[in-house]
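Thank you for making the time this morning. Please have the sequence and the model open while I talk, and stop me whenever a residue is hard to find.

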Amino acid sequence: MRFEGNVAPLAERQFRLLWLGRVSSAVGDAIVPVALSFAVLSVNGSAAALGSVLAVTTLARIAFTLVGGVVADRLPRRPVLLTCDGVRALVQAVVAALLLTHDMTLTLFFVTGAIFGAASAFFGPAADGLVPQTVSARNLQPANALLALSRNFLNVFGPALSGALIVAAGTGWVFALDSASFVASGLFLVQLKVPAHEPPQRSHFVRELRDGFREVVGRAWVRWPIASFAISNFCLAAFIVLGPPTFADHFHGARDWGIVSACGAIGAIAGALVSARLRPVHPLTACFLVSILLALPIAALAKPLPFLVVAAAWLVGAGAIALANTWWETTLQRRIPPSVYARVRSYDILVSFVFMPLGFVVFPLLARWIGFASTLLVAASVAGLSSLLVAFAPGVQAVRDEPLELV
């Protein structure tokens with residue numbers, strides 16, 4: 001596999017500008033989580049306070065995700081992205097200033113977190129919908145793979161960079177850098193030139209939302225995969241939430257779990273690299289056959305197997321997720337009409353936000369009842385079986401990777 005094939009979309013100027021904008025903002029996104037944790041704890045030392053701030057941000061994003069899909073279909077997507085970048089740059093600049101002057105409070109973390117989460121909800125559907133408008137059809141799949149690769153690469157090194165910045169200068173400067181990253185993103189996006197936006201006929205908001213839902217449920221190849229993603233995300237939460245206590249009891253705690261997490265990031269990078277070049281004839285069938293591998297790390301944690309085996313299993317599982325996501329997102333972009341794409345994508349995104357946090361709550365309770373091993377094996381079995389069933393669903397098998405009319 002030649003590496004230059006993976007970066008071929010960067011030869012197209014419009015996608016290059018979009019990619020530079022996305023990478024600029026992603027740099028800030030990669031460094032902020034660590035800084036946010038220590039910043040909240042510096043204001044209020046309670047873990048409950050930190051959890052509450054994260055919950056408010058997530059809930060705001062959930063609440064506005066579907067709204068963001070409607071807006072991204074109604075309005076030109078580039079101005080939507082520029083507005084989101086502007087709002088997030090301002091929010092993070094305010095947080096930085098308040099931290100540097102020691103005036104930040106827990107209440108202000110709630111307010112700024114809610115605004116930031118809402119702005120991010122509008123950004124996602126619009127950004128994904130803009131990709132096919134900036135790149136040629138032959139480079140659409142490599143473009144999605146490159147965006148995933150860049151994001152995963154930054155997620156490997158972002159936390160370490162954040163830690164170094166916190167030690168050297170404090171948490172406030174990390175938020176200042178995040179603010180600057182959104183400004184940089186806006187500078188690239190303002191140069192972007194895309195085809196004129198053709199808005200759908202304006203109707204009532206609820207009707208547009210309902211039309212988006214019909215677009216999802218009216219296509220078997222969309223509704224069954226989204227249902228499977230909901231189940232997989234829910235089951236993956238068992239691995240994420242039960243992993244640390246398992247490693248605390250059986251291995252060297254945070255050190256070994258950190259190695260497992262790093263292997264997952266490496267696997268995601270590898271999966272994104274492979275996905276740029278591998279184009280199966282039946283992309284969705286391949287997507288869900290590959291997704292069965294997500295059951296491996298969950299099951300490996302049940303015994304638990306030696307921690308290096310768990311790490312290898314998570315490397316494979318995370319790689320499978322990255323590979324499957326590229327095939328799925330590319331198929332959506334090729335086959336969903338642009339006028340409704342953002343709404344369909346917003347329902348898809350909503351599944352990821354809702355069901356994984358639910359799993360974070362459910363699986364610890366289930367583990368107390370039937371034990372860690374049984375809980376993890378059940379989660380692995382359900383995740384694998386749901387992917388297998390969807391892989392051979394008639395509507396999913398009918399999707400072929402060839403030029404098609406929008407359906």
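I will go through a few helices, then the core, then the charged pairs, and end with some odd spots in the backbone. Please keep in mind throughout that this is a predicted model.

Let me begin with helix 5, which runs over residues 106–134. At 1.5 Å a residue, its 29 residues should span 42 Å, and because the C-alpha atoms at its two ends are 41 Å apart, the expectation and the model agree. Is this helix mostly covered or mostly open? It is mostly covered, since 21 of the 29 residues in helix 5 count as buried.

Now to the inside of the protein. As a general remark, nonpolar side chains in soluble globular proteins tend to be buried together. In this model the largest nonpolar core has 32 residues, and the members that touch the most others are W221, V222, C287, W328, L332 and I336. Several helices supply at least two residues each to this core, including helix 3 (47–74), helix 9 (220–250), helix 13 (307–335) and helix 15 (372–391). Apart from this core there lies another one, of 29 residues, among them A238, I298, A311 and L376.

If we pick out L332 and leave aside its neighbours within four places in sequence, we find it in contact with W221 and V222, and also with Y341, V344, R345 and D348. The last two of those names will come back in a moment, when we reach the charged residues.

Before that, which residue could we choose in helix 15 to look at its surroundings? I chose S387, which is found in that helix, and which counts as buried because its relative accessibility is 0%, under the 20% cut-off. Beyond its neighbours within four places in sequence, S387 is in contact with S228, S232, F288, S291 and I292.

Let us turn to the charges. In general, side chains of opposite charge can pair when their charged atoms come close. How many salt bridges does a search of the whole structure find? The search finds ten, and I will show three of them.

The first one I would like you to find joins the side chains of R345 and D348, with 2.4 Å from N to O. These two residues are separated by about one helical turn, because they are three residues apart in helix 14. Both R345 and D348 are buried, and they are linked with R22, D128 and E329 in a network of salt bridges.

Another salt bridge joins R77 and D73, at 2.9 Å from N to O. R77 counts as buried because its relative accessibility is 6%, and D73 counts as buried as well, at 1%.

The third pair is R219 and E215, whose side chains meet at 2.4 Å from N to O. Here R219 is buried, with a relative accessible area of 11%, whereas E215, at 22%, counts as partly exposed.

There is a residue that touches members of both of these last pairs, namely V340, which, with its neighbours within four places in sequence left aside, is in contact with D73 and E215. V340 has its place in helix 14, and its 9% relative accessibility makes it buried. Although V340 and D73 are 267 residues apart in sequence, their C-alpha atoms are 6.1 Å apart in space.

Helix 14, residues 338–370, also has a side to show us at the surface. A nonpolar surface patch of about 610 Å² is made by I240, V354, F355, L358, F360, V361, V362 and L365, and seven residues of the patch, the largest share, come from helix 14.

Finally, the backbone. Where does the loop between helix 4 (77–100) and helix 5 hold something unusual to look at? The residue to find there is H102, whose phi is near 60 degrees, a positive value in a residue other than glycine. H102 counts as exposed, because its relative accessibility is 73%. The other spot is the peptide bond from K303 to P304, which is cis, with omega near -10 degrees, and P304 lies in the loop between helix 12 (295–300) and helix 13.

That is my tour, and I am happy to take questions.

Key:
Residues are numbered from 1 along each chain as its sequence is written. This is a predicted model: local features need pLDDT of at least 70, side-chain atom pairs count only at pLDDT 80 or more; totals for chains, interfaces and linings use all residues. Side-chain values use heavy atoms; hydrogens and water are left out. Helices (H or I, at least four residues) and strands (E, at least two) are DSSP runs, numbered from the N terminus. The expected span of a helix is 1.5 Å times one less than its number of residues. Buried means under 20% relative accessible area, exposed over 50%, partly exposed in between (1.4 Å probe, protein chains only). Patches are made of residues with over 30% relative accessible area and no salt bridge: like charges are joined within 9 Å, nonpolar side chains (Val, Leu, Ile, Met, Phe, Trp, Tyr) within 5 Å. Accessible areas come from the Shrake-Rupley method with a 1.4 Å probe; for residues, only the protein chains shown count as cover. A salt bridge is a side-chain nitrogen of Lys or Arg within 4 Å of a carboxyl oxygen of Asp or Glu. A nonpolar core is a set of buried Ala, Val, Leu, Ile, Met, Phe, Trp, Tyr and Cys residues joined through side-chain atoms within 4.5 Å. Contact means heavy atoms within 4.5 Å.
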